[in-house]
Amino acid sequence: MAGDLFTKRLHFDEDFAVQTGYNGPIKEKRSEETVKRKEKRSLLLTMVLAAVLLGGCGGTEEPKVIGEKTDVVSGQQTGNNSQERVPGTENGDTEGEQIPGQDRGQEQIQEQVQAPEYYKAELKGDGLLLSADALVTVPDVRAAGSGTSGSVNFTNEEYSAVKKALEDQMGIKWGEEHSESLQPVPLEGTEELLKQTGTSTTARGISPSEDEYMISYQTMGEEITFPTSIIWVTKTENDGRSTSRPARIFGTGETMEGQPEEKGTQLEEKAEALIRAIGFKDYQICRGRWRESYYELRGRSWSENDYCVSFTPVVKGISCTRPEVSLLGNSYIKGPYIDVFYGEDGTLNQLKIIGKEEVKEVGGGEFLLPFEAVHQLFEQYCKDYFTPGSSGGAAAQTSMAGEGTTMEEVYVNVKSVKLEYVFSLPKDDTKEELELIPVWNFYGSLEKTPFLTSTEGSRETVYWTARQEPEGRILSIRADDGQILAD
């Protein structure tokens, strides 16, 4: 919808003047154009908000395809494939030739979205208290177009690169590999069996400190619509322990008791060195946080701490969202990610390399909604969701108010806002591709403060999610048409 309302602007700048031979008053012309753009933005912002809030944009227009270049979001890279090749880069000019209608660096997207450095808000509604003092991150790129991707398998070369990096960095000696075909399953509604649903390869290894590891490499057959290939390394524990209860997850930047503040940073640097050694050049850290896990064995209980560093791919200079359920329990996002778990002493506990995507048909220069419209959509959604009697409000009270409590209010605390990509399942079930969509992700925490009916005037604070996670992705809003990504 938004693409129908807005047209691409042509900037009058020095590069454009050189290309066209124009030698007039550039600065005066730019000032006049700026005034006109601001007047137009103000009028159209009102139109967009009214249409999205009242009618609900469909956003069905297909993105404009400007090229057929394929980016592999995976492991082995032979250079920076995340940047599209433009005229003028053949001789090493990474900025490339200036194209009419495009500014260098961050100016084009920043001018479109007009995002402030911080998103600040304080609002209260029935059952809701929303607070925000959040850093707003806009990628330093020229455009954020929509596109598609296809799920593919990791190669044998990528699997071997993981084993070699662990051998070089940790001294792990790997034993004999064992491979087998995954068991075929009947097609839905028939007795016909799939010929092959994939393969599984495993190997065991031991480090110089006699820690035992297992590596698993799994591929999926072409018959699977969205194959998820996996390379998973785990430090094995053979003492018979069992997990006694869900792990406690700490917030990003929160320091574990007894650990120096710089410990997390050191482990993040160690994880990044490992990922680069394997060959994942187009991944970057999206978060790092401590985790406390609880175990028991023959009546003895104890806990162990480790630090998880999560990586997501970068596509054309834009970070991708880590696939996980939002704090509201909706919008399951697919796509690749990597998790590296280190113990307090720096020992590798787990390495999870999940999913590989081939990105294709990425558009460029599509219109992005101004941030003012986006944050108003976010605030309105939260008001509606937590209103008593609404579907969201009813769900909130059912899931958050425990036995012996009455629901008072939900505290939504926005800690950061980022313009990122998501790999989303298509609405059309017949498509065998994921959609690559630019979105605004609102990150933070959701807490409830119910009164305890058994003790007058007392209250407790409990996090929203079942695992009691202190923070996460609250909501994702499409940057092009304002649609909420929700199931």
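In which strand is K235 found? Select K235 to begin, and the viewer will place you in strand β9, which covers residues 230–235; here helices (H or I, at least four residues) and strands (E, at least two) are DSSP runs, numbered from the N terminus. Although K235 and D211 are 24 residues apart in sequence, their C-alpha atoms are 7.0 Å apart in space. Leaving aside neighbours within four places in sequence, K235 is in contact (heavy atoms within 4.5 Å) with D211, E212, Y213, T347, L348 and N349.

**Before going further**

This is a predicted model, in which local features need pLDDT of at least 70 and side-chain atom pairs count only at pLDDT 80 or more, while totals for chains, interfaces and linings use all residues. Residues are numbered from 1 along each chain as its sequence is written, and side-chain values use heavy atoms, with hydrogens and water left out.

**The whole chain**

Zoom out to the protein chain, whose secondary structure comes to 8 helices and 22 strands. Buried residues (under 20% relative accessible area, where exposed is over 50% and partly exposed is in between, with a 1.4 Å probe and protein chains only) make up 48% of the 487 residues. Of the contacts in the protein chain with a separation of 6 or more, 71% are between residues 24 or more positions apart.

Now colour the chain by pLDDT, the predictor's confidence in each residue, from 0 to 100. The average is 75, and 64% of the residues score at least 70. Over residues 1–31 the pLDDT is below 50, and this stretch has 50 contacts in the model beyond near neighbours in sequence. Residues 55–70 also have a pLDDT below 50, with 36 contacts beyond near neighbours in sequence.

**The aromatic pairs**

A search of the whole structure finds 10 aromatic pairs, a pair being rings of Phe, Tyr and Trp (its six-membered ring) with centres within 6.5 Å, counted as stacked if the planes are under 30 degrees apart, edge-to-face if over 60 and tilted for the rest. Select Y119 and F371, which form an edge-to-face pair at 5.9 Å centre to centre, with 80° between the planes. This pair links distant parts of the chain, since Y119 belongs to strand β2 (residues 118–125) and F371 to helix α7 (residues 371–385), 252 residues apart. Y119 is buried, and F371 is buried as well.

Next, select F378 and F442, whose ring centres are 4.1 Å apart and whose planes are at 0°, so this pair is stacked. Here too distant parts of the chain are linked, with F378 in helix α7 and F442 in strand β19 (residues 434–448), 64 residues apart. Both F378 and F442 are buried. Add W440 to the selection, and you have the cluster that ring pairs make of Y119, F371, F378, W440 and F442.

**The nonpolar cores**

Several of these rings return in the largest nonpolar core, which has 48 residues and in which Y119, F378, V412, V414, W440 and F442 have the most contacts; such a core is a set of buried Ala, Val, Leu, Ile, Met, Phe, Trp, Tyr and Cys residues joined through side-chain atoms within 4.5 Å. The elements that give two or more residues to this core are α4 (107–113), β2, β3 (128–137), α7, β18 (410–424), β19 and β22 (472–478). Centre the view on V414, which touches, among others more than four places away in sequence, Y119, F378, F442 and I474. A second, separate core of 32 residues includes V162, W290, F311 and I353.

**Charges over rings**

Select R241, which lies over the face of Y295 at 4.7 Å from the ring centre, a charge being over a ring if NZ of Lys or CZ of Arg is within 6 Å of the ring centre and within 35 degrees of the ring normal. The charged end of K418 likewise sits over the ring of Y443, 5.6 Å from its centre.

**Last stops**

Move to S293 in strand β11 (residues 283–297), where S293 is buried with a relative accessible area of 9%. Apart from neighbours within four places in sequence, S293 is in contact with A247, W302, S303 and E304.

Finish with Q114, in the loop between α4 and β2. Its phi is near 50°, a positive value in a residue other than glycine, and Q114 counts as partly exposed at 47% relative accessibility.
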